[in-house]
Structure formats: C-alpha cells, structure tokens
Amino acid sequence: MRRLPLVILTLSGSLWLGACSTIGYYAQAVSGQIALLRARQPIAALLDDPAVEPRLKARLQTVRDARGWAVGALGLPDNGSYRSYVALHRPYVVWNVFATREFSVDAIEHCFPVAGCVGYRGYYAEADARAEAARLRERGDDVYVGGVPAYSTLGWFDDPLLSSMLRWDDATLIATLFHELAHQKLYVKHDTRFNESFAEFVGEQGLREYLARNPQLGGAEPAARRQRRAQFTALVLAARERLAALYREPLDAAAMRVRKQAVLDELRAQYRALRDGAWQGHGDYDGFFAAAPLNNARLLPFGLYDADLPAFAALFAESGGDWSRFYVAAERLARLDKGARRAELARLAARATPSPRDEAAGVAP
C-alpha cells in the first residue's frame with residue numbers, strides 16, 4: 001500500500017460518542033477537531049499572500065489544480081474540503097491506537113453512530129494515544145500506535161489540507177486527495193475493507209488519469225518500488241494467515257506464545273532474506289520492524305486498502321471507464337447486505353485481469 005507504513009488513513013469515528021466511549025475520549029476528539037477548523041486558512045488567500053514562501057505556494061497550487069479537476073473529471077464532491085490549509089506544527093494530525101487480543105488477528109472494534117465500527121481509536125495528542133495503548137497492554141492486548149497524516153470527516157466538515165500531508169511527493173498527495181474525497185462520495189458503515197478499497201481505487205485510477213493530462217508532474221511510483229511494496233504486503237498477509245490458523249489450534253497459552261513468536265520471527269527472517277537478496281539491499285521496510293514491537297496489532301492495517309482493488313477495477317471496466325456509471329454500480333453494491341456484497345466483490349475479482357500490484361507481487365487477483 002502506498003500509505004503504509006507511513007500512513008493509515010483514519011475516518012471520522014472519533015468525532016461521535018459511542019456507547020463505550022469515555023467522556024474524556026469524546027472531549028479530546030471534539031476539541032481536536034474544533035482546533036483544526038479554527039486554524040484553517042483559505043488556500044486562495046495564501047496563494048495571494050506575498051509573505052508565503054514559494055515552495056509552499058507551489059504545493060498549494062498543485063492541490064488547488066487537482067482538486068478543481070477532480071470535480072468535473074472524476075465526479076468527486078464540489079464542496080469546501082481541501083480548499084483551506086492548516087499548519088499543524090506537529091508530525092501527525094492524530095495517532096491511531098490499534099489493538100487485538102493476545103491470540104487473535106481481529107481488531108478490537110469501536111462503534112460510532114455516523115462512521116460505524118472501525119478497528120482503532122484516534123487521539124489528537126500523542127501522549128493520550130500512548131496512555132490508552134499502555135492501558136490496553138496492561139490488560140494483555142497486543143497494541144500498536146501509528147501516526148496519521150490525513151483523515152476524512154466524510155463530508156460533515158470542510159476538511160483542510162494539512163501540513164502533515166505535504167511530506168508526500170505530488171503524486172501521492174494528489175492520490176490521497178482523491179482518496180479522501182471518495183470517502184465523501186460513498187461510505188458504508190461497518191465495512192472498512194469496502195470503504196478503503198473503493199477510495200483507494202478512485203485515488204489510484206484518478207491519479208493515472210490526472211498524470212496523463214499533466215505529465216510535467218511526474219511522480220509515478222517506480223516499478224521496482226511498487227514491486228517491493230506488493231511483495232512485502234504479501235509477506236505480512238501470509239504471516240497474518242499463519243497466525244489466524246495457529247490461534248484456532250487447541251493449545252495452552254504458554255505453547256501458543258512460543259508458536260506465535262516463531263511466526264513473527266519467521267516474518268522478520270523472510271523480510272531480511274528478501275531485502276538482502278532480490279531487493280539488493282533496499283531496506284524500504286526496515287523501519288516497520290524498528291518502529292514498534294512486532295505483534296498482532298502491528299499487522300492489522302495491511303490489506304485494508306488492497307483487498308478489493310481488483311474487484312473495483314473490474315467494476316470500472318464493466319462501467320466502460322465512465323465514472324458516473326461506476327459510482328452507480330458501487331452504490332448498488334453498498335446497498336447489499338455485507339455477505340452479498342462480499343460475494344459480488346469476489347465474483348468481480350475472479351473476472352478481473354491482474355492489476356499492476358498483483359503482477360508485481362507475482363499473485364493472481
């Protein structure tokens with residue numbers, strides 16, 4: 001995935017009080033969002049301000065151009081989102097806390113009236129996220145805290161461009177912009193895999209079309225790096241499958257912990273072999289192993305953005321590459337119950353031709 005390990009895109013679930021949320025969690029979420037809204041500056045005004053440094057102006061102009069194009073060409077929402085800018089003065093806008101039980105690869109979910117159930121909780125202060133992670137770790141859960149450069153409020157507010165998003169190159173920034181706007185176009189409660197794969201397809205396909213019309217931007221991801229990303233994702237997903245199979249075995253806790261550690265050690269060894277062999281020393285994911293302990297929760301974000309990309313690519317092809325028809329078809333899928341939706345996506349994926357990332361990973365869609 002393009003955004004991993006740098007970014008896991010969060011949704012707006014943290015803005016609404018769920019049954020199991022504490023008052024303190026709700027308060028930090030509301031105050032954090034209000035602070036963002038108050039800090040917004042119109043991009044148009046910044047572009048006209050002679051005091052704004054040229055590099056920032058260039059990035060803002062890039063976003064403004066792509067955002068305007070996306071309305072007509074991709075049919076994405078024409079609203080106030082990403083027409084303003086916030087300088088955060090911190091590396092991330094929020095920190096997500098992911099957690100699983102010690103012997104499970106399933107996320108501990110948190111449910112909210114608007115966003116539905118999601119497998120994390122977001123905190124605007126890193127210290128708050130670390131404190132929650134410590135609490136969960138104390139009760140025996142596997143925990144991972146990940147910084148988040150961008151998120152969507154699903155159209156409830158006019159989301160600003162954030163300074164944390166400007167760490168990306170132009171292509172990644174534009175794809176993320178389209179991705180986030182796609183969440184405002186279509187979002188299904190309680191189905192993170194559908195939502196992220198849909199938005200990721202819109203972001204990737206939209207970027208391809210935009211770069212075809214604006215070749216001066218460049219920024220297309222090199223094939224070798226795309227291949228490494230796909231291969232690493234495949235390694236992580238395979239390890240997660242091995243863990244899921246392990247946790248179904250009738251073992252006592254002590255034996256389970258030994259076997260669990262063996263699977264995680266195997267993943268680490270497989271990565272080193274790939275890095276030092278086929279990748280010729282490219283350590284793209286060294287930071288994945290160095291940044292946090294390797295556990296169930298660390299593996300959670302992988303696959304969310306990729307799982308149904310072949311299905312949405314097939315749906316786009318069946319729609320004749322017409323965005324209006326594609327959205328109508330996607331909305332029909334969204335209205336199905338989750339089981340029927342999964343079955344239809346599987347049917348589409350089976351008919352799809354391999355995507356570039358599937359071919360890079362050496363797997364069928």
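User: Before we dig in, which residue takes a positive phi just after helix 11?

Analyst: That's Gly 320, with a phi of about 70°. Keep in mind this is a predicted model.

User: Ok. And helix 11 itself, is it largely enclosed or open, and why?

Analyst: Largely enclosed by the rest of the structure, because seven of its 10 residues are buried. The helix covers residues 309-318.

User: Which ones are buried there?

Analyst: Leu 309, Pro 310, Ala 311 and Phe 312, then Ala 314, Leu 315 and Phe 316.

User: Those Phe residues make me curious. Which aromatic cluster are Phe 312 and Phe 316 in?

Analyst: They form one cluster with Phe 194, Phe 198, Phe 201, Trp 323, Phe 326 and Tyr 327.

User: Switching to ring pairs, how many aromatic pairs are there?

Analyst: The count comes to 33. Take Phe 178 and Tyr 210: their ring centres sit 6.3 Å apart with the planes at 85°, so that pair is edge-to-face.

User: Where do Phe 178 and Tyr 210 lie?

Analyst: Phe 178 is in helix 5 (residues 170-185) and Tyr 210 is in helix 6 (residues 192-213), so the pair ties together parts 32 residues apart in sequence.

User: Are those two buried or exposed?

Analyst: Both Phe 178 and Tyr 210 are buried.

User: Last topic, cations over rings. What lies over the face of Phe 194?

Analyst: Arg 341 does, at 5.5 Å from the ring centre. Phe 194 is also one of the residues in that aromatic cluster.

User: And what about Tyr 25, which residue lies over its face?

Analyst: Arg 121, at 3.9 Å from the ring centre.

Terms used. Residues are numbered from 1 along each chain as its sequence is written. This is a predicted model: local features need pLDDT of at least 70, side-chain atom pairs count only at pLDDT 80 or more; totals for chains, interfaces and linings use all residues. Side-chain values use heavy atoms; hydrogens and water are left out. Buried means under 20% relative accessible area, exposed over 50%, partly exposed in between (1.4 Å probe, protein chains only). Helices (H or I, at least four residues) and strands (E, at least two) are DSSP runs, numbered from the N terminus. Rings of Phe, Tyr and Trp (its six-membered ring) pair if their centres lie within 6.5 Å; planes under 30 degrees apart count as stacked, over 60 as edge-to-face and the rest as tilted. A charge sits over a ring if NZ of Lys or CZ of Arg is within 6 Å of the ring centre and within 35 degrees of the ring normal.
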